[in-house]
Amino acid sequence: MSRTITFFVTEPIEALTVAAVAEEAGRRGHGVRYESRLDAHADVGLYVTHATDIPAVNARFSMIMLHDLGQLQVAWPHFWRVEPWDRFDVGLLPGPAWFDMYEACVGRPGFQGPRLGAYDVGWPKSDRVVAAQPALAAEAASWRDRLGMPPGKTVLYAPSYENDSKQDDIVRACAGLDANLLIKHASWPDRFPERIAAIDAAERRHRGHPRVFILDRNVDIMTALAMADLLVTDESNVQFEALLFGIPALSVQDWLVPCES
């Protein structure tokens, strides 16, 4: 039976997160649509944003998944006390570690899980690393050519936020290395103009700098990781995704993170 699946997304990164699911749904003959109004009506709805940001769940059958692999790590293991999923029919979990955490929380004070339970289904973005790896490698090679990156090791700077001259720090730190510095900022939606302005200013300062290459913000982070040998970040889901590539990740503890300061 064909159904229409609505993917509720509010940021470009959320659309990238479920892209593999939407593609497979279309291949199986289901209708696919994206919706930014989180309280819109739907037949089958898959919600990618934080549950606490959703004003009303108006899908006849609703599914909720994580916004990112490290979501609300400060609340672990009591995630479902802080991020309630009880308005949804089904929860979709990215792997056994999350499923074990879910099972350990069931029945604990404050637990608010989905009505029909949660299931370990994997992380959709990992499809690009495993099932579609040749295509990802080709896309990474194409971007290296377009950016004019010389052969050699590449350090990827991919922070959640650009603030307090973090990009200046990493450019200076890499200046003496025989390596490329690839910069990939997050694609923030228009409702965060101050964050976009900070990224614009940082990129202007270093555009054209020898061995510094700036990747389009709208490119999937998986493509950037496929080009890298080392990741440097502040705090981010990207650290977990780097593990899929076997790339070591450095998180600079002295860098301020606006959402935690």
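## Close-up views of a predicted model

**Figure 1. The largest pocket.** About 1,100 Å³ of space lies in the largest pocket of this predicted model. Its lining takes in 44 residues. If you would like a starting point, look for His67, Asp68, Ser160, Tyr161 and Trp188, which lie nearest the pocket's centre. Helices α1 (12-17) and α9 (238-243) each supply at least two residues of this lining. The largest share, four residues, comes from α1.

**Figure 2. The largest cavity.** Here we turn to enclosed space. Rolling a probe the size of a water molecule over the atoms shows where empty space is left. The structure holds one cavity of 30 Å³ or more, and about 50 Å³ of space lies in the largest cavity. Around this cavity you will find His78, Phe79, Trp80, Arg81, Cys105, Arg108, Pro109, Gly110 and Phe111. Helix α3 (residues 79-82) gives the most to the lining of the largest cavity, with three residues.

**Figure 3. The open sheet.** Follow the strands across the view in the order β2-β1-β3-β4-β5-β6: these six form an open sheet with parallel pairing. At the edges sit β2 (31-35) and β6 (118-120), each of which pairs on one side only. From one strand to the next, the twist averages 25°.

**Figure 4. Strands β1 and β2, with helices on the sheet.** Five bridges join β1 (residues 4-8) to β2 in the parallel sense. One residue to pick out is threonine 6, whose bridge partner in β2 is arginine 33. Helix α2 (residues 19-27) lies across β1 and β2, and runs at about 150° to β2. Another helix to look for is α4 (residues 96-105), which packs on the sheet and touches β5 (90-93) and β6. The direction of α4 makes about 150° with that of β6.

**Figure 5. Two cysteines.** Are cysteine 105 and cysteine 174 buried or exposed? Cysteine 105 has a relative accessibility of 3%, so it counts as buried. Cysteine 174 has a relative accessible area of 12% and is therefore buried, because the cut-off for buried is under 20%. How many disulfides does a search of the whole structure find? The search finds zero. As a link back to Figure 2, Cys105 is also one of the residues that line the largest cavity.

Note on methods: Residues are numbered from 1 along each chain as its sequence is written. This is a predicted model: local features need pLDDT of at least 70, side-chain atom pairs count only at pLDDT 80 or more; totals for chains, interfaces and linings use all residues. Side-chain values use heavy atoms; hydrogens and water are left out. A disulfide is a pair of cysteine sulfur atoms within 2.5 Å. Buried means under 20% relative accessible area, exposed over 50%, partly exposed in between (1.4 Å probe, protein chains only). Two strands pair if DSSP finds at least two bridges between them. Axes are lines fitted to C-alpha atoms, for helices over the stretch in contact, and angles run from 0 to 180 degrees between N-to-C directions. Contact means heavy atoms within 4.5 Å. On a 1 Å grid over the protein atoms alone, a cavity is a set of points where a 1.4 Å probe fits but cannot get out, and a pocket is an open set with protein on both sides within 12 Å along at least five of seven lines; lining residues have an atom within 4 Å of a point. Grid points are joined across faces, edges and corners, and a volume is the space filled by probe spheres set on the points.
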